[in-house]
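Open the structure in your viewer and keep the selection tool at hand. Each stop below tells you what to select and what is there.

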Amino acid sequence: MNKCLLFANIFFSVVFELKKYKLPSSTKIAGKIYPVMQRKVNVASFNIYDYETIFNDEATKKIIREGNTIGCFYIESPGMRSLLKKLNCDTFEMLTAASSVIRPGVAESGMMQEFIARHKNPALRKYLVPAMEKYLSETYGVMIYQEDVIKIVHHIAGLSLEEADLLRRAMSGKMRSHKAMAALQSRFENSCRQKGLTKYVTKKLWEQIASFAGYAFSKAHSASYAVLSFQIAYLKAHYPAEFMANVLNNGGGFYSACVYINEIKRMGIKILLPSINNSLPEYTGKNKTIRMGLNSIKNFTRTNIIKIINERKKHGKYLSLIEFLIRTEIEFLQVRLLIKCGAMDCLKQTRPTLMRLLDVYSFHKKILFNKETNLFPGEMFRLGEEVITNKQYSIEEICSAEYEAFGFMVSRHPLEFYKNIIDLPYIVKAADIYKYPNQKIKLIGWLMASKRIRTKKGKIMKFLSLEDLSGTFEAVIFPQAYEKFAELTMSMGPYLVEGKADLENGNNIIVEQLQVISGKEALVKSQKDSAEDKYSGDKETVWEEEFSIVKKLGKEKLRHAYVGV
């Protein structure tokens with residue numbers, strides 16, 4: 001439920017940011033009138049509670065049907081996205097069923113696979129007892145809701161409504177009790193016998209019912225999730241920048257921020273680095289562009305963020321580094337963070353220039369912050385002009401700084417540093433897996449998420465959710481393969497996986513071989529590896545006590561140290 005509240009927060013953040021909707025006093029679903037909570041908002045072009053419009057919106061249905069739901073509450077996990085594609089799901093009713101059928105109680109009993117098969121092939125829609133069709137026709141004879149169990153137990157097995165309700169409570173989320181279920185099993189079997197049901201039918205019915213002790217949704221619960229999922233998918237379809245910005249602001253969902261950044265790029269949205277002149281604390285999205293917020297910079301204090309924005313509101317944008325330092329009086333080590341991650345690129349000077357200038361201003365700090373005079377030594381200005389360079393950091397250095405500042409890269413996807421490998425003709429792209437059903441293929445992917453489970457036989461297997469530049473796919477590592485490659489799956493990648501394409505169960509590859517591609521080449525490019533004598537050491541930090549040493553170097557030596565001439 002915490003996740004539900006989280007995504008409800010995302011939902012309202014996007015909607016109230018747009019200010020383009022109207023809240024009715026009530027809404028109608030399935031012929032019934034439901035009240036809607038009112039808030040004072042600007043009235044404009046769309047009503048997020050107009051369910052008839054949302055449920056029939058083709059762009060929204062396409063996102064759900066194709067499983068392009070990363071960022072959407074409850075329907076963004078790899079398993080759920082795969083299920084949506086298998087069911088070709090694009091209706092409210094089917095999304096409600098999908099929200100419940102993926103739950104452990106149904107999935108672990110094997111009835112999820114049965115539901116999918118019956119959905120695809122009407123000939124498989126059979127009923128253990130003919131009378132069950134009256135109660136389970138909507139779900140093809142498969143019990144997927146708690147209400148389904150109550151109906152079958154009462155109407156087919158013959159238990160009283162009181163006993164059916166006791167069974168419901170025994171299998172509910174807060175009061176799950178295998179002991180209570182076992183006590184009811186004898187009563188159930190006796191009642192089935194009295195109703196003339198065979199031992200086989202009784203056994204099969206109970207197997208489905210017992211599986212719900214592993215937790216299943218009530219239909220109302222599934223429907224409420226489906227409503228919210230449809231609304232959120234609608235926002236992703238029609239207001240993608242605003243929506244994805246608020247997903248990031250709320251800490252994401254199933255995935256890390258890195259995954260949402262790459263999803264944003266795949267959606268064709270431009271993502272801009274933080275800016276001292278343009279950023280708010282949080283991410284902001286508009287018109288196919290998202291601006292990163294100053295909050296995204298790790299180790300940059302909230303106090304300094306508020307100081308930057310308040311000063312900017314009062315006296316306008318910052319025009320130079322020296323002006324920024326005087327107006328905000330932010331400590332220099334914090335300013336270094338802003339320069340390195342690109343938040344000061346708006347000052348129209350290269351990052352090496354800004355870093356050099358910061359050192360110059362650090363040296364003259366006492367004069368710089370002297371409130372009694374506006375005079376600065378000519379030496380400082382002359383040296384400031386001499387350290388200006390048109391040279392910019394390399395893309396490897398820029399991405400390294402971004403990773404350090406944000407925990408992910410923005411300017412490039414990590415796999416772009418392996419172009420000589422990912423563009424090899426025998427490497428299949430994630431978007432092209434559908435062309436190779438049941439064929440052995442090789443893919444390269446960067447880790448999005450992973451899940452390790454224990455099979456019914458007690459063995460361990462693992463699922464890796466991976467992405468390349470074209471899309472996402474699932475690497476399924478069964479126990480025999482996992483025993484070989486378990487330790488390798490602790491990495492972020494990039495992974496080179498080889499195996500059979502399994503399109504029946506999603507955009508999957510059944511892993512037969514797996515390796516992590518060496519990052520040696522990328523490390524050398526960023527000058528962090530000594531294997532080829534290209535080691536440059538860690539990034540230096542300037543300390544106050546070093547200024548006296550630097551001063552003794554003299555103007556020419558200092559100029560040579562900065563400019564290299």
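Which helix gives the largest share of the lining of the largest pocket? It is helix α4 (residues 78-87), with six residues. This is a predicted model, in which local features need pLDDT of at least 70 and side-chain atom pairs count only at pLDDT 80 or more, while totals for chains, interfaces and linings use all residues. Residues are numbered from 1 along each chain as its sequence is written, and side-chain values use heavy atoms, with hydrogens and water left out. Helices (H or I, at least four residues) and strands (E, at least two) are DSSP runs, numbered from the N terminus.

**Stop 1: the largest pocket**

About 1,800 Å³ of space lies in this pocket. Select Gly79, Ile102, Met112, Lys451 and Phe463, which are the closest to its centre among the 50 lining residues. By class, the lining has 27 nonpolar residues (Ala, Val, Leu, Ile, Met, Phe, Trp, Tyr, Cys and Pro), twelve charged (Asp, Glu, Lys and Arg) and eleven polar (the others, Gly among them).

Pockets and cavities are found on a 1 Å grid over the protein atoms alone. A pocket is an open set of points with protein on both sides within 12 Å along at least five of seven lines, and a cavity is a set where a 1.4 Å probe fits but cannot get out. Lining residues have an atom within 4 Å of a point. Grid points are joined across faces, edges and corners, and a volume is the space filled by probe spheres set on the points.

**Stop 2: the largest cavity**

There are two cavities of 30 Å³ or more. The largest holds about 40 Å³ of space. Select its lining: Leu337, Lys340, Cys341, Ala401, Glu404 and Ala405. Four of these residues are nonpolar, none is polar and two are charged. Helices α18 and α22 each supply at least two of them.

**Stop 3: helix α18**

Now select residues 332-341, which form α18. Seven of the ten residues are buried, so the helix is largely enclosed by the rest of the structure. Buried means under 20% relative accessible area, exposed over 50%, and partly exposed in between (1.4 Å probe, protein chains only). The buried ones are Phe332, Gln334, Val335, Arg336, Leu338, Ile339 and Cys341. After the helix comes Gly342, with a positive phi near 100°.

**Stop 4: Glu402**

Go to helix α22 (residues 395-406) and pick Glu402. How far away is the nearest side chain of opposite charge? That side chain, Arg351, is 5.0 Å away, and the buried Glu402 has no salt bridge. A salt bridge is a side-chain nitrogen of Lys or Arg within 4 Å of a carboxyl oxygen of Asp or Glu; Lys and Arg count as positive and Asp and Glu as negative, with His and the chain ends not counted. Beyond four places in sequence, Glu402 is in contact (heavy atoms within 4.5 Å) with Leu273, Gly407, Phe408, Met409, Val410 and Ser411.

**Stop 5: Glu311**

Next, select Glu311 in helix α16 (residues 302-315). Glu311 is buried, with a relative accessible area of 14%. Add Arg327 to the selection: Glu311 and Arg327 are 16 residues apart in sequence, and 7.3 Å apart in space from C-alpha to C-alpha.

**Stop 6: helix α15**

Finish with residues 257-266, helix α15, where seven of the ten residues are buried. Its buried residues pack against several elements, including α13 (219-238) and β6 (440-454).
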